[in-house]
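Colleague: Could you walk me through this one? I'd like to start with the core and then look at the helices.
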Amino acid sequence: MIPVNAFLPDALAEVIRKAPLNQDKVEFAWRTAVGPAVGRATTVQLRGAVLEVRTDGEAWRREIEHSAALIRSRLASLLGPDIVRGLNVTIGP
């Protein structure tokens with residue numbers, strides 16, 4: 001028997017990748033990749049292959065930039081390779 005948590009993330013990623021690329025999909029993938037705390041402290045918009053991330057504080061900006069490689073890897077598994085090639089993190093409303 002295979003535990004559900006062994007294949008569920010892969011199955012979810014496959015379903016998400018097949019869906020059309022739109023703002024809702026990008027936001028869902030972002031929240032899934034970064035978790036609820038960062039998800040609440042940020043907004044995102046995909047412009048070309050760069051994900052524009054707005055956050056409400058310097059500490060969040062540093063944390064996101066520090067974790068950028070891991071975040072991009074998680075986004076690639078959810079959205080597909082080369083959809084997000086970079087993150088641009090800014091502070092603002």
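Modeller: Before we start, contact here means heavy atoms within 4.5 Å, and please keep in mind that this is a predicted model.

Colleague: OK, so what is Trp30 in contact with, leaving aside its neighbours within four places in sequence?

Modeller: Trp30 is in contact with Val38, Gly39, Thr42, Val44, Leu51, Val53, Ile64, Ile71, Leu75 and Leu87.

Colleague: And which residues have the most contacts inside the largest nonpolar core?

Modeller: That core has 19 residues, and those with the most contacts inside it are Trp30, Leu51, Val53, Ile64 and Leu75. Two or more residues are given to this core by each of α1, α2, β1, β2 and α5, and the largest share, 5 residues, comes from α2.

Colleague: Let's turn to α2, then: which of its residues are buried?

Modeller: In α2 the buried residues are Lys25, Val26, Ala29, Trp30, Ala33 and Val34. Seen down the helix axis, they fall within an arc of 145°, so they line one face of α2.

Colleague: What caps the N-terminal end of α2, and what follows the helix?

Modeller: The cap is Asn22, which has a side-chain oxygen 3.1 Å from the backbone nitrogen of Asp24, while the residue that follows α2 is Gly35, with a positive phi near 95°.

Colleague: Switching to α5, which residues are buried there?

Modeller: Ala68, Ile71, Leu75, Leu78 and Leu79 are buried in α5, and because they cover an arc of only 90° around the axis, they sit on the same side of the helix. Just after α5 comes Gly80, which takes a positive phi of about 115°.

Notes
Residues numbered from 1 in each chain as written. Predicted model: local features only at pLDDT ≥ 70, side-chain atom pairs only at ≥ 80, totals over all residues. Heavy atoms only, no water. Core = buried A, V, L, I, M, F, W, Y, C linked by side-chain atoms within 4.5 Å. Buried < 20%, exposed > 50% of the residue type's maximum accessible area, 1.4 Å probe, protein only. Helix = DSSP H or I, 4+ residues; strand = E, 2+ residues; numbered from the N terminus. Arc of directions from axis to C-beta. Polar contact = N/O pair within 3.5 Å; in protein donor to acceptor, adjacent residues only side chain to side chain.
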